[in-house]
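Student: Let us go through this two-chain structure by question and answer. Please give the reasoning before each result.

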Amino acid sequence: MSALAVNRGLTALLLALLMVAPWLLAWMESEFWLTVLTEILIWGLFAASANLLFGQVGLLSFGQALYFGFGMYGVAIGIDRFGLGLWPAMGLGVAAAIVMAACAGVVAVRLTWHYFAIITVVFSLIFYFLALRLKPITGGDDGLSFAAPAIMDLGGLRLSLTDDATQYWFVLLIVALAFAVQARLRSSALGRAFAAVREGERKAALLGIDVLRVRWIAFVIAGGLAGLAGALFALYGRYASATHMYYTVSGEAVVWTVLGGAGTLLGPPIGAALLILVREELSGIWEHYPLIVGALTIAVVVFAPKGIAGGWNALLARVTGR
Amino acid sequence: MSAPLLEVRSIAARLGRVPVLSDVSLSVPARAVVALLGRNGVGKTTTLRTVMGTVAATDGRIGFAGQDITRLAAYRRPALGIGYVPQGRGIFPLLTVRENMRLGLRGAPDPTVEEGLLSRFPRLRERLAQKAGTMSGGEQQMLAIARALMTQPKLLILDEPTEGIMPRLVAEIRRFIAEIAASGIAVLLVEQNLKAALAIADHVVVMERGRTAFAGPPGTLRADADLVHRLLGVGIPT
């Protein structure tokens, strides 16, 4: 059996387990973990945004929280201020993140390495402080709370986020679709151009690839993914806050990506899952649990530089001889 | 010769502050093979890079298919019909052979072209899903040439395609370059092996210290042993 077939089988198994998770957890009388799993899915999508830039195009961004925040505020303002339904509000959040990324990207993609990382932090900080100042729009320090509209309301059929299982399946559906689109993107001409730019800009240009344009497209798509994650997180918490626009939130996505395996499709959500589970298990026992997170990250970087998924793929390649 | 496909007129170029090219002129007619020769360090690779746009021409003019491309961005030149196989091959080692082959394409690959290249290079077909960096130097060179041909260029530029290749593959690569030329694609070739270059070229350009020192048919160069010795430091190949 080839490594690809094994990974496809495992992905299908993971998806099947995620689909039945609400019933499994109810049977195990562990419903609390369903909300944790929902959060993992959302942060996994956010990590995918950092991974698209770092793992696929080679741009290390510490500013993805900015677009996450735009997604959050888009939903919150759309519902609370404009009275929009769930889907239009989500559309507003994602569109706001994409527009912001399109504008910031024009400047950011002209820079590389630490200059790129710094400019992404600068953009993030500017809008973080703006969000705190613009209290009439963003709620300032208090943030914006809202009641989530129904997912669907067709006569007798009403699906609402107030039911944890329904909320979980709603998030799972959106996240699974987002990952399916990413998988398709990786095998497309654009995905190959991303990889070429990551591996060598000059070589890529000599093949007719417009490096700046490709980087900008990746920046905008990554902004859209972060915005979608932010929109889901706002609906999950019925709340939007500037706290989640701070650059340290972006840093977490980078850590999840590196830990899980930069450049792989499912590595970043695996990294996010691992560290969120560590947080959930240890934060109540030991307040300095981030030390364990740090030690775990250092261990992975030293012993498995390609992250968990990268290490797994190497092992699988050795076992299957491919 | 017919009207030139590529026409380089008196170009100059610098690498940083160092002037490398001062007066280089050459023409590549459609369907012709032009060999660019010269000792190490005379500016052959810089000339090719200037044609491809990764080194800016500070003077002179570069025309391709009747269009002035002197100031055209590097990434726009391949779309005009220029394929380039750089020195060191320029493959992407972490991508698979298949991904490397399709990198320069804007849309879906032409199955006839791809199939034709894989038939010509069965080694590539056997390694389609393999990371390109794990292949031998000769196989990587075949990949680099195949990748350049995937876009069906009018002109193929090759910078020392047999450098660092094991001898049994050198002959195969040279045979394939001759086939490319016979198929009607113009070729501009930098080649260290004078005998191989003279055997394949319709026209020869020899550079000396950043300038064109000789341009003419291979027979004219072959007939002047003193010139060959002065410009290339070798004797006439037998």
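Student: Among contacts in chain B between residues at least 6 apart in sequence, what share joins residues at least 24 apart?
Tutor: The model is predicted, so the share describes computed coordinates. Two residues are in contact if their C-beta atoms, placed from the backbone, lie within 7 Å. Contacts in chain B between residues at least 6 apart in sequence form the base, and the part that joins residues at least 24 apart is 68%.

Student: What radius of gyration does chain B have, set against a compact globule?
Tutor: The C-alpha trace of chain B spans about 50 × 40 × 35 Å along its principal axes. For 238 residues, a compact globule would have a radius of gyration near 18 Å. The value for chain B agrees with that, at 17 Å.

Student: How many helices and strands are in chain B, and what share of its residues counts as buried?
Tutor: Chain B holds 10 helices and 10 strands. A residue is buried if 20 or more other C-beta atoms lie within 10 Å of its own. Of the 238 residues of chain B, the share that meets this is 44%.

Student: Which residues of chain B does the UniProt annotation "domain: ABC transporter" cover?
Tutor: The annotation comes from an unreviewed UniProt entry. In the model, the annotated span is 37% helix and 28% strand, and its end C-alpha atoms lie 29 Å apart. The residues covered in chain B are 6–234.

Student: What radius of gyration does chain A have, and what would a compact globule have?
Tutor: The C-alpha trace of chain A spans about 55 × 50 × 45 Å along its principal axes, and its secondary structure comes to 14 helices and 4 strands. With 322 residues, a compact globule would have a radius of gyration near 20 Å. Chain A agrees with this, at 20 Å.

Student: What percentage of chain A is buried?
Tutor: Among contacts in chain A between residues at least 6 apart in sequence, 75% join residues at least 24 apart. Burial is counted over the 322 residues of chain A, and the result is 46%.

Student: UniProt places "transmembrane region" features in chain A; what are the helix contents of 216–236 and 256–277?
Tutor: Both spans are listed in an unreviewed UniProt entry. The end C-alpha atoms of residues 216–236 of chain A lie 30 Å apart, and this span is 100% helix. For residues 256–277 of chain A the end C-alpha atoms lie 12 Å apart, and the helix content is 73%.

Student: Why do the buried residues of H5(A) line one face of the helix?
Tutor: Helix H5 (residues 113–133) of chain A reaches 31 Å from its first C-alpha to its last, close to the 30 Å expected. Its buried residues include Phe116(A), Thr120(A), Phe123(A) and Phe127(A), while His114(A), Tyr115(A), Ile126(A) and Arg133(A) are exposed on the other side. Seen down the axis of H5(A), the buried residues line one face because they fall within an arc of 135°.

Student: Which helices of chain A do the buried residues of H5(A) pack against?
Tutor: The partners are all in chain A. They are H3 (64–80), H4 (86–108), H6 (135–138) and H11 (247–260).

Student: Which element gives the largest share of the side of chain A that touches chain B?
Tutor: In the interface, 15 residues of chain A are in contact with 19 residues of chain B. The chain A side divides into 8 nonpolar, 2 polar and 5 charged residues. Helices H8 (189–199) and H9 (201–206) of chain A each give two or more residues. The largest share, 5 residues, comes from H8(A).

Key:
Residues are numbered from 1 along each chain as its sequence is written. Chains are lettered from A and ligands numbered from 1 in the order in which they are written. This is a predicted model: local features need pLDDT of at least 70, side-chain atom pairs count only at pLDDT 80 or more; totals for chains, interfaces and linings use all residues. UniProt positions are given in the numbering used here, feature names are shortened, and annotations may be inferred rather than shown by experiment. Ala, Val, Leu, Ile, Met, Phe, Trp, Tyr, Cys and Pro count as nonpolar, Asp, Glu, Lys and Arg as charged, and the others, Gly among them, as polar. The radius of gyration is taken over C-alpha atoms; the globule rule is 2.2 Å times the number of residues to the power 0.38. A residue is buried if 20 or more other C-beta atoms lie within 10 Å of its own, exposed if 12 or fewer, and partly exposed in between; C-beta atoms are placed from the backbone. The expected span of a helix is 1.5 Å times one less than its number of residues. The arc is that of the directions from the helix axis to the C-beta atoms.
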